[in-house]
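Open the structure in your viewer and keep the selection tool at hand. The tour below goes stop by stop, saying what to select and what is there.

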Amino acid sequence: ATVEDLDPPPALSTKPTELISHALMNAFERDYTHLTVISEDTRALLGYLNIPRLKEMLKQGTVRETDYVEQAMQKFQRSGKIYKVITMDTPLEELEAFFTGGVDGKSSQDFAVVTDANRRFVLGVATKGDLEEFVKRRPA
């Protein structure tokens, strides 16, 4: 089985200059836990917004709903960092290994951005929960 079998929902993207309140509303309406953050000019993937983390930041007063997404987003490090390419054709065993050990085998991940093989387009977001649900539903 591959990532495609999980039927990941399309990625919902926001921009760094969007208000946090708007991003929260979009995530809530679709029951998403992660939003990708893309450049307004190039549509390049800049990072992501972890909604549970964002709610905690709001509760602690670190950010406000009237702040911009860029103040709460987690940025992808462009230089010196190796990223695992996850596509619709990635075997679920590889996805599970990514969730449990990340790229370096030492840091677990909660979600994966699913792209085309050339990393030009974000096709969806797969979460650890999506994989767990798929395994539960799958006949033995």
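Which residues of S2 are buried on one side, and which on the other? Select His34, Thr36 and Ile38 for one side, then Leu35 and Val37 for the other; all of them are buried, and both faces of S2 are covered. Keep in mind that this is a predicted model.

**Stop 1: strand S2**

Strand S2 covers residues 34-38. Since 5 of its 5 residues are buried, the strand is largely enclosed by the rest of the structure. Buried here means a relative accessible area under 20%.

**Stop 2: the partners of S2**

Now select strand S1, residues 13-14. S1 and S2 run parallel and are joined by 2 bridges. Look at serine 13, which stands opposite threonine 36 in S2.

Next, select strand S3, residues 45-50. S3 and S2 run antiparallel, with 5 bridges between them. To find one pair, pick histidine 34 in S2; its bridge partner in S3 is asparagine 50. Strands of a sheet pair through backbone hydrogen bonds, either parallel or antiparallel.

Follow the chain from S2 to S3 as well. The two strands make a hairpin with 6 residues between them, and in this hairpin arginine 43 takes a positive phi near 65 degrees.

**Stop 3: the whole sheet**

Show the 4 strands together: they form an open sheet in the order S1-S2-S3-S4, and the pairing is mixed. S1 and strand S4 (74-75) stand at the edges. Each of these two has a single partner strand, so one side of each is left without a neighbour in the sheet. Add H3 to the view: this helix packs on the sheet and touches S2, S3 and S4. The direction of H3 makes about 65 degrees with that of S3.

**Stop 4: threonine 14**

Go back to S1 and select threonine 14, which lies in this strand. Its relative accessibility is 4%, so threonine 14 counts as buried. Show what surrounds it: leaving aside residues up to four places away in sequence, threonine 14 touches Ala23, Leu35, Thr36, Val37, Ile38 and Val69.

**Stop 5: helix H2**

Select helix H2, residues 20-30. Together with S1 and S2, this helix makes a right-handed β-α-β unit.

Which residues of H2 are buried? They include Ile20, Ala23, Leu24, Asn26 and Ala27. Turn the view to look down the axis of H2: its buried residues fall within an arc of 160 degrees, so they line one face of the helix. An α-helix has 3.6 residues a turn, so residues three or four places apart point the same way. Phe28 and Glu29, on the other side of H2, are exposed. The cover over the buried residues of H2 includes S1, S2, S3 and helix H3 (51-60).

**Stop 6: two aspartates**

Most residues other than glycine have a negative phi, and most peptide bonds are trans. The next two residues have a positive phi instead.

Select aspartate 31, in the loop between H2 and S2. Its phi is about 60 degrees. Is aspartate 31 buried or exposed? It is exposed, because its relative accessible area is 70% and the cut-off for exposed is over 50%.

Then select aspartate 7, in the loop between helix H1 (3-6) and S1. The phi of aspartate 7 is near 55 degrees. Aspartate 7 is exposed too, with a relative accessible area of 64%.

**Stop 7: the nonpolar cores**

The largest nonpolar core has 16 residues. Select Leu35, Leu49, Ile51, Leu54 and Ala72, which touch the most other members. H2, S2 and H3 each supply at least two residues of this core, and the largest share, 4 residues, comes from H2.

Zoom in on alanine 72. Not counting residues up to four places away in sequence, alanine 72 touches Ile20, Leu49, Arg53, Leu54, Met57 and Val63.

For the last selection, leave this core and find a second, separate one of 12 residues. Leu95, Phe98, Phe99 and Ala112 are among them.

Methods:
Residues numbered from 1 in each chain as written. Predicted model: local features only at pLDDT ≥ 70, side-chain atom pairs only at ≥ 80, totals over all residues. Heavy atoms only, no water. Buried < 20%, exposed > 50% of the residue type's maximum accessible area, 1.4 Å probe, protein only. Pairing = 2+ DSSP bridges. Right-handed = clockwise from strand over helix to strand, strands pointing away. Arc of directions from axis to C-beta. Contact = heavy atoms within 4.5 Å. Core = buried A, V, L, I, M, F, W, Y, C linked by side-chain atoms within 4.5 Å. Axes fitted to C-alpha atoms, helices over the stretch in contact; angles between N-to-C directions.
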